[in-house]
Structure formats: structure tokens, C-alpha cells
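Biologist: Could you walk me through this fold, step by step? I'm new to this.

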Amino acid sequence: MDYPTPVSTNGSSTSEKPVLFFDIDNCLYPSSTRVLNMMGELIDQYMVDHLSLSQADASKLHQQYYKGYGLAIEGLVRHHKIDPLEYNRKVDDALPLEDILRPDPEVRRLLMDVDRSKVRLWLLTNAYVTHGKRVVHLLELEDQFEGITFCDYGAQAEKFVCKPAKEMFQKAMEEAGVKDKKNCYFVDDSALNARGATHYGWNAAHLVEPSMQAPEHKAAAHQISSLHELRDVYPQFFKPSEAKNEET
């Protein structure tokens, strides 16, 4: 999957086309796949092997770094000077995704019903580019997005940024070629990320599947239980339904 280089815009923010950013994991596919559960187990094992921790201590540190930074690897890079690309090979790239993920025709139909004359679609993930592209390829959705903003595991520690840090949202805007925060729309299953995007000034939708526990306080302006509810949340970006066309 070869996405175009980041877009550069020179026009005014009032005339630029909005961008709808999509998270990837547990967003474009359901949490019932348990991909993130398996990823969590590999992260814990990586900590056991490389930091000489017990399973219990590894799990505790994993959660501490996730809550503190939004991504366990950022804590590992900052405090333990691990090789992030080696980490990626032993965690994200080690997942047997080919045996787990399958295309969902309904999700593809949802994305195809987006009116591209009104909005552009872009991927925004905390994973490294290899994982993000592999997932979208297996879901057969790679042709639906103009580009991908990912957490650069190859960056130096001081440049290592991920959601929900404002620098990650700034990076996404720069790479997607959108200047006005009011033209940024976002959907993510993480309350941390949805809240971070909202605080940054984006219009966010927090995806909370029926099997998941919703936060005590809403993380964003919109809370949805399925991607298909985006039709109601952002109706201005979707083509008129066939039913409405028939009525008229």
C-alpha cells in the first residue's frame, strides 16, 4: 500500500476540505478479534525478557506507561532506551493477523458512502507504519484512505510522539494538509485519545462497543457504539441514502 506524500495546502482554512481521521486497531475491526489482548500479552512478555521483570510487574508497568503516555512503547523508549524497531518486530509485527482479520463488507460500504467531494479520509494510529498498513491491507480498506499518520518508532526519544499528545494531532494535520482544527473530525475507540483530540479542538467521536464499558464522563462530543453511527454523527459527509432518494 503506497499512500501519497503528505498534502500541502496554501488556501484559506475556510475553503479547505475537512478531514475525517480514523483510528485503526479496535476501530476498523471489532474488539472481539482480541488483537489488542494478544498485543498486550506480547508487550508484557517483551518487558519480562528485556527488563527482567516478573509477569505481574511487567503487566503493572505496561499499564503505568499506557496511562501515562498513551502507549507502552513510549515509556520503554524514554526510560529504558529500548530499540523501538526491535520492539515492533517482537510485538506488533509478530501478531498472527492473517489468521484473525477478515474484510467486513459493511465497513467498506460505510466508507464508500462517504462523499469525497465534502471530506477526505485519513488514518491516524499509534502503531508503527508496518502494522497499520498490514491491518488495512487485510481488511481490504487501503483504497479508502488518502494517507496514514503513524507513531514513528524510528524517531529519537525526544521526537517520539503518539496520541493523545497534542504534537501527534499537530503531526496528523500537517501530514494530511489541513490547517484549521475546526476542519478535523476523528473517531477512536480510546477514551484517552478521543479526549485528547477534543481538548486539542477537534470534533471527535468516541467508539464504545456494547461489550465495552463507557467512561463515567463522555470523552468526546459524540459517543457511538458502532462505526455505522457516523452517518448520524457526521451526516454532512455522507451521500444521501437510497431510501431518501426514492422518497424525493
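**The sheet, then the domains**

Modeller: Let's start with the sheet: it is open, has six strands in the order 3-2-1-4-5-6, and pairs them in parallel. Strands here are DSSP runs (E, at least two residues; helices are H or I, at least four), numbered from the N terminus, and two strands pair if DSSP finds at least two bridges between them. The model is predicted, so local features need pLDDT of at least 70 and side-chain atom pairs 80 or more, while totals for chains, interfaces and linings use all residues. Residues count from 1 along each chain as its sequence is written, and side-chain values use heavy atoms, without hydrogens and water.

Biologist: Which strands stand at the edges?

Modeller: An edge strand has a single partner, so one side of it is left without a neighbour in the sheet. That describes strand 3 (148–149) and strand 6 (222–224).

Biologist: Which residue does Phe21 stand opposite in strand 2?

Modeller: Strand 1 (residues 19–22) and strand 2 (residues 120–124) run parallel, joined by four bridges. Opposite Phe21 in strand 2 is Trp122.

Biologist: How much area do domain 1 and domain 2 bury between them?

Modeller: Domain 1 covers 19–29 + 101–237 and domain 2 covers 36–97, with bounds from an automatic or database domain assignment. In contact (heavy atoms within 4.5 Å) are 22 residues of domain 1 and 18 of domain 2. Buried area is the accessible area (1.4 Å probe) that two parts lose on being put together, summed over both. Here 61% of it is on carbon and sulfur atoms, and the value is about 1,700 Å².
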